[in-house]
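Here are my notes on this model, as numbered points. They cover the chain contact, the cavities and the salt bridges.

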Amino acid sequence: MNLRQQLWRVRRCLGAAAPPRRLSWPPARAPLSVGSRRAQSSGSPTHWNQVVSEAEKIVGYPTSFMSLRCLLSDELSNIAMQVRKLVGTRHPLLTTARGLVHDSRNNLQLRGLVVLLISKAAGPSQVNASCQNYDMVSGIYSCQRSLAEITELIHTALLVHRGIVNLSELQSSDGPLKDMQFGNKIAILSGDFLLANACNGLALLQNTKVVELLASALMDLVQGVYHENSSAKENHITDDIGISAWKEKTFLSHGALLAKSCQAAMELAKHGAEVQEMAFQYGKHMAMSHKINSDLQPFVKEKTSDSVAFSLNSAPVVLHQEFLGRDLWIKQIGEAQEKGKLDYMKLRETIKAGKGVTSAIDLCRYHGNKALAALESFPPSEARSALENIVFAVTRFS
Amino acid sequence: MASCWWRWRRGCAWRPAARSPGPGAPGGAGTPGPRAAARAGAQMSCFNLMKSLKSAFPTMYHISRFHHTTSAVCCRSKAQSGEKYTDPFKLGLRDLKGLYKDIRKELFISTTELKEMSEYYFDGKGKAFRPVIVVLMARACNIHHDNSRDVQASQRAVALITEMIHTASLVHDDVIDDASSRRGKHTVNKIWGEKKAVLAGDLILSAASVALARIGNAAVISILTQVIEDLVRGEFLQLGSKENENERFAHYLEKTFKKTASLIANSCKAVSVLGCPDPTVHEIAYQYGKNVGIAFQLIDDVLDFTSCSDQMGKPTSADLKLGLATGPVLFACQQFPEMNAMIMRRFNLPGDVDRARQYVLQSDGVQQTTYLAQRYCHEAVKAISKLRPSPERDALIQLSEMVLTRDK
């Protein structure tokens with residue numbers, strides 16, 4: 001079952017208005033690992049749209065976590081008007097905006113969803129659950145739902161800020177300078193607007209520990225995005241980093257936000273340090289495994305259109321380089337280049353012949369297993385299975 | 001004193017919104033002015049207010065463009081309590097030793113270049129106008145409350161955070177406006193490019209948020225979060241201009257509040273909340289900060305016309321070049337209606353900027369804006385005078401005068 005199918009099942013599960021089950025801790029259950037159990041298959045992706053809208057009805061909550069308040073604001077409608085001026089240019093904001101609007105049906109919004117699931121999987125804390133059940137819907141506190149939304153807001157804001165262009169490096173094909181300048185302006189403003197909304201939402205949670213967690217996640221994310229931006233080099237020569245440095249940077253850019261949001265969700269329900277740590281671990285390892293999975297796609301898909309470029313900073317390539325040694329790798333890149341243009345098909349075949357791809361798959365499964373292990377401290381539930389299934393989906397390669 | 005600590009940014013805003021109560025133009029509507037039929041509302045009331053104030057305080061009005069001595073006399077009469085500091089900055093800076101070093105500690109990250117970019121403006125060359133106001137306010141409130149002679153660590157942290165939020169917004173604004181110099185040096189975007197500059201701004205903001213959260217006070221978090229929202233909304237206000245002439249002045253003041261005054265107002269409020277449980281004191285602190293902040297920006301807008309770029313550390317007539325009609329322009333437009341067309345097209349035809357500048361200098365736009373700033377300062381002094389006398393309180397009063405008399 002693919003990730004997308006998993007996700008819509010999961011959404012439905014979140015909507016199920018069953019009262020939160022009180023379960024015994026710790027759960028008596030044999031440890032799970034990736035591969036020890038096959039994800040059950042269900043549903044058909046062709047009914048995706050229908051199912052999502054059904055799920056939305058059940059949840060009583062839009063799948064898109066970006067709050068309506070934010071989307072309907074004067075500021076964003078102002079932006080929508082302005083973005084039209086960019087049509088015809090190559091400003092990255094257009095692609096980002098298209099992704100947000102056009103994909104809103106299919107948009108995975110994975111981070112928000114995982115925050116909700118782990119909130120539900122943990123349930124109310126035993127300590128003082130009696131006094132705080134009042135605002136719980138489908139086993140999730142309303143503050144945890146806000147948190148899920150904030151997580152998505154932060155993620156989207158950085159997505160928008162990632163797409164700023166350097167005016168001094170423009171090509172004539174990009175579009176007129178004035179328009180690109182304008183695109184930057186709009187991108188900064190909309191990103192800032194989303195961030196301001198996230199800050200506002202955080203302040204409303206009235207929990208300083210949660211504010212600190214999410215603020216530090218934002219700090220990590222900014223650093224991660226910075227690394228990602230600066231490692232995209234013109235001459236195809238990659239940074240000389242080993243896999244452990246790669247993991248650190250990838251945690252900043254892809255793992256920190258989810259890990260800290262999961263932890264914050266536990267803090268909001270007054271769970272103790274141990275549960276918080278497990279939630280953090282799940283978020284971290286799931287995100288890593290998810291990232292490696294998407295890095296692997298160009299190498300494992302049956303039919304990849306051959307000319308499609310892939311990142312030279314993706315996990316399989318970094319591992320490949322590590323096995324090969326820096327010098328040989330530079331040589332291979334050189335061999336795959338023709339008149340300054342990189343022949344991705346050729347390079348892909350070279351990499352596939354080495355050990356990089358298989359060890360990336362191993363790494364993906366390693367993180368998947370870590371994520372599953374973290375889940376074992378949560379009582380068995382529909383939500384926990386959903387979290388497990390997400391891991392199964394991202395660690396399956398066949 | 002170093003060049004441009006004064007410079008916040010052009011344009012800022014203000015609106016009598018729920019959490020930001022206050023006067024657009026101090027005072028109410030008056031009798032119809034010269035171009036009666038065409039104007040109404042805020043702009044009119046403001047304009048008429050000027051006229052009526054002129055008659056009420058004839059001496060105050062006779063200020064030259066560069067020397068605002070009479071206003072200072074007027075304000076000083078309010079300062080009564082004993083010890084006089086010649087420089088309120090000295091008094092404030094006592095609590096701010098190592099300010100920039102501490103800020104750089106907050107920005108402790110492993111990425112060298114990103115760290116360098118984020119620290120770029122925390123070079124100790126700014127005059128730390130905002131942090132000084134914040135610590136002075138903290139002490140004034142503490143003394144008012146229980147005669148405490150200390151500044152709490154959390155209050156000092158607010159001063160740091162204020163400067164960080166301010167700087168983060170500068171970095172983003174410079175990218176938005178494609179500015180190339182600030183404080184006499186190149187902007188972050190000119191040196192490192194737009195892509196990285198935006199992330200540097202985000203990093204400073206996130207570090208400020210972490211520091212804010214560590215204070216551990218949910219009310220303070222809410223107060224300072226409001227600033228972040230106001231800054232963005234102010235920038236949006238600046239993006240659009242009001243087609244309706246009558247709304248322009250209100251729009252301008254709202255922008256002035258949001259982009260400049262909100263930060264000062266809410267930081268003042270935050271330290272007052274930390275120092276004193278009395279809501280009246282919080283309101284006093286907020287009103288002081290708001291009025292000083294608006295006055296500060298009004299003068300800033302005046303200096304964009306009267307100062308030379310060497311003094312400011314950045315090019316002048318910058319607002320016009322960005323298509324922004326600030327106070328002096330709006331006032332000048334009352335005398336020279338032909339400026340309307342230029343305002344509408346955001347001074348984008350060749351020669352517009354120079355012509356508008358000439359119109360402004362020929363009109364009494366500069367004096368009127370300065371006068372309006374005086375009124376705001378007067379409100380600020382009125383508010384802060386309600387606190388128990390202290391050297392810090394008087395320094396704040398003095399500081400509001402300095403806002404008016406600065407020439408850079």
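1. The contact draws 40 residues from chain B and 39 residues from chain A. Keep in mind that this is a predicted model.

2. Interface size comes next. The size of an interface is often given as the accessible area lost when the parts come together. Here, chain B and chain A bury about 3,700 Å² between them. Carbon and sulfur atoms give 69% of that area. On the chain B side, B:K195, B:L199 and B:F236 stand out: they supply 19% of the area that chain B buries against chain A. No other three residues supply more.

3. Now the polar side of the interface. The rule finds one salt bridge across the interface of chain B and chain A. The partners are A:E212 and B:R214, with their closest N and O atoms 3.1 Å apart. Polar contacts between chain B and chain A come to eleven residue pairs, counting residues at pLDDT 80 or more.

4. Which helices of chain B each supply at least two residues of the side that touches chain A? They are α6 (112–119), α8 (153–177), α10 (194–215) and α11 (218–239). α10(B) gives the most, with 14 residues. By class, this side of chain B has 18 nonpolar, ten polar and twelve charged residues.

5. On to internal space. The structure holds seven cavities of 30 Å³ or more. The largest cavity encloses about 210 Å³. It is lined by 18 residues. Closest to its centre are A:D192, B:S169, B:H172, B:L231 and B:V232, so named residues from chain A and chain B both appear in that lining.

6. Where does the lining of the largest cavity come from? α8 (177–204) of chain A supplies at least two residues, as do α8, α10 and α11 of chain B. The largest share is six residues, from α8(B). By class, the lining has ten nonpolar, three polar and five charged residues.

7. Last, salt bridges over all chains. The count comes to 25 by this rule. One of them joins the side chains of A:E267 and A:K209, at 3.9 Å from N to O. A:E267 lies in helix α10 (residues 243–268) of chain A, and A:K209 lies in helix α9 (residues 208–231) of chain A, so the pair ties together parts that are 58 residues apart in sequence. The cut-off matters for this pair: a salt bridge needs the nitrogen within 4 Å of a carboxyl oxygen, and the N to O distance here is 3.9 Å.

Notes
Residues numbered from 1 in each chain as written. Chains lettered and ligands numbered in written order. Predicted model: local features only at pLDDT ≥ 70, side-chain atom pairs only at ≥ 80, totals over all residues. Heavy atoms only, no water. Contact = heavy atoms within 4.5 Å. Buried area = accessible area lost by both parts, 1.4 Å probe. Polar contact = N/O pair within 3.5 Å; in protein donor to acceptor, adjacent residues only side chain to side chain. Helix = DSSP H or I, 4+ residues; strand = E, 2+ residues; numbered from the N terminus. Nonpolar A, V, L, I, M, F, W, Y, C, P; charged D, E, K, R; others polar. 1 Å grid on protein atoms, 1.4 Å probe; cavity = no way out; pocket = protein on both sides within 12 Å on 5 of 7 lines; lining within 4 Å. Points joined across faces, edges and corners; volume = space filled by probe spheres on them.
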